[in-house]
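Please look over the structure shown here before reading on. The briefing that follows takes up charged side-chain pairs and then one loop residue.

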Amino acid sequence: MNIRFHQPVLLATVLASTLVFTACDESKSSSAPGKGPGPGAGMPPAPAVSVIVTSTESAPLVSELPGRTTPFMVAELRPQVTGIIQKRLFTEGSTVTAGQTLYQIDPSTYQAAYDSAAANKARAEANLYNARLKAERYAELVGIEAVSKQANDDAAAALKQAEADVAAARAALDKARIDLDFTRVKSPIPGRIGRSSVTPGALVTANQPAALATVQQLDPIYVDLTQSSAELQRMRRDVASGKISHTGEDIPVQLILEDGGLYEESGKLAFSEVSVDPGTGSVTLRASFPNPNGTLLPGMYVRARLVQGQTEQAIMLPHAALSHDQRGTSIVMVVNAESVVEARPVQTRGIQGDKWVVIDGLAVGEKVIVEGLQKARPGQPVQAQAVGGSQDAAPAKSVAASAPGAN
């Protein structure tokens, strides 16, 4: 009875063990290289990226340079005579015109000096009149020997002395008139005047080192830009080699304000410095801008865009396609003929609209990654498709399919 009871249980146990070992063998066989339902089973596929195919076109080479605004002209007002300030005839921060009186210095002593010089001139002219009559009379009398030749010579000499006295008196009067005019401190240029360093009642001296006030002409206004000498030399080499063409002397300039807005007035490049700043290794370029509304103030930080050349073989890339390495080199990711990613250094020449202008490093017909860069690494296979989702290139082989032993 006991033997009959245990036989069915033993048979069921043996059958279950056989099934378990068979399943393990099948699992190992399916996971072995080259086995299983198909190539690459269980491995992630190559990532998909969006690319654009490069082509050349004509494009201006726009440089964006930093700079600061500086006045067109600056005049520091200093007194030319000594005296007490009687009046200040302007409002600080207002606009003044050329020749406008800004300060009045006490003119009383200079007026008296002018009146005295005028009287001396009148006395000298009266003496001249008398000397001229005497000289003319003696010149007639010496002919009939009514006076001696010595007396005639003395009369002629007295006439010349009187003429010299009149000339000296006239010069003294001019000097007194200039000093009197200097008691009115005038603006030599039109512009905006700053704060005053003196008030009525202050004593000022001739040619003192401290300025009374400063007038700045702000319309037009200059913008001093800086460009590295290396970039300028590279531009000149490209022009000499024919890679780019020069735009000429009259170069228009657009201004970007501190808040990112575009200045409404267009300027032009005035001149470029002929020496390099040894401290910064840069060259200063000066642009001139109209400033009728006083929007631009001295010392503002701005950025300027100017066209420094033209190229017929530019490749335009969106901003998302380009990155920079630790040394600042411009890098793009290219999908080669084997659908593998390559990191390619390129040379850019500014921007046009929302695109970079690339002049070196890429050839026509290459596929540049613009979307999916975070999934693309140099040396990695990818599936390239045109921007928008349509298949652009043959699918890249998967990692597992390229492994040894794949079918």
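**Salt bridges and one loop proline**

D181 is partly exposed, with a relative accessible area of 28%. The model is predicted, and D181 is introduced at the outset as the acidic partner of K186 in a salt bridge. In total, the structure holds 12 salt bridges, of which some are described below, followed by the surroundings of P190.

**The pair D181 and K186**

- The closest N and O atoms of K186 and D181 are 3.4 Å apart, and the two residues form a salt bridge because a side-chain nitrogen of Lys within 4 Å of a carboxyl oxygen of Asp meets the cut-off.
- K186, like its partner, falls in the partly exposed class, with a relative accessible area of 33%, while the value for D181 is 28%.

**The pair E64 and R305**

- A salt bridge joins the side chains of E64 and R305, with a distance of 3.0 Å from N to O.
- This pair links distant parts of the chain, since E64 belongs to strand 2 (residues 56-77) and R305 to strand 13 (residues 301-318), with their positions 241 residues apart in the sequence.
- E64 has a relative accessible area of 31% and is therefore partly exposed, and R305, at 32% relative accessibility, also counts as partly exposed.
- The pair does not stand alone, as E64, R303 and R305 are linked in a network of salt bridges.

**The pair E342 and R344**

- R344 forms a salt bridge with E342, and their closest N and O atoms lie 3.3 Å apart.
- R344 has a relative accessible area of 18% and is buried, because the buried class covers values under 20%.
- E342, by contrast, has a relative accessible area of 30% and is partly exposed.

**Background on charge pairing**

- In general, side chains of opposite charge can pair when their charged atoms come close.

**The loop residue P190**

- P190 is found in the loop that runs between strand 6 (184-186) and strand 7 (191-193).
- With 35% relative accessibility, P190 counts as partly exposed.
- When its neighbours within four places in sequence are left aside, P190 is in contact with V96, T97 and A98, and also with V215, Q216 and Q217.
- P190 and M73 are 117 residues apart in sequence, yet their C-alpha atoms are 9.1 Å apart in space.

Notes. Residues numbered from 1 in each chain as written. Predicted model: local features only at pLDDT ≥ 70, side-chain atom pairs only at ≥ 80, totals over all residues. Heavy atoms only, no water. Helix = DSSP H or I, 4+ residues; strand = E, 2+ residues; numbered from the N terminus. Buried < 20%, exposed > 50% of the residue type's maximum accessible area, 1.4 Å probe, protein only. Contact = heavy atoms within 4.5 Å.
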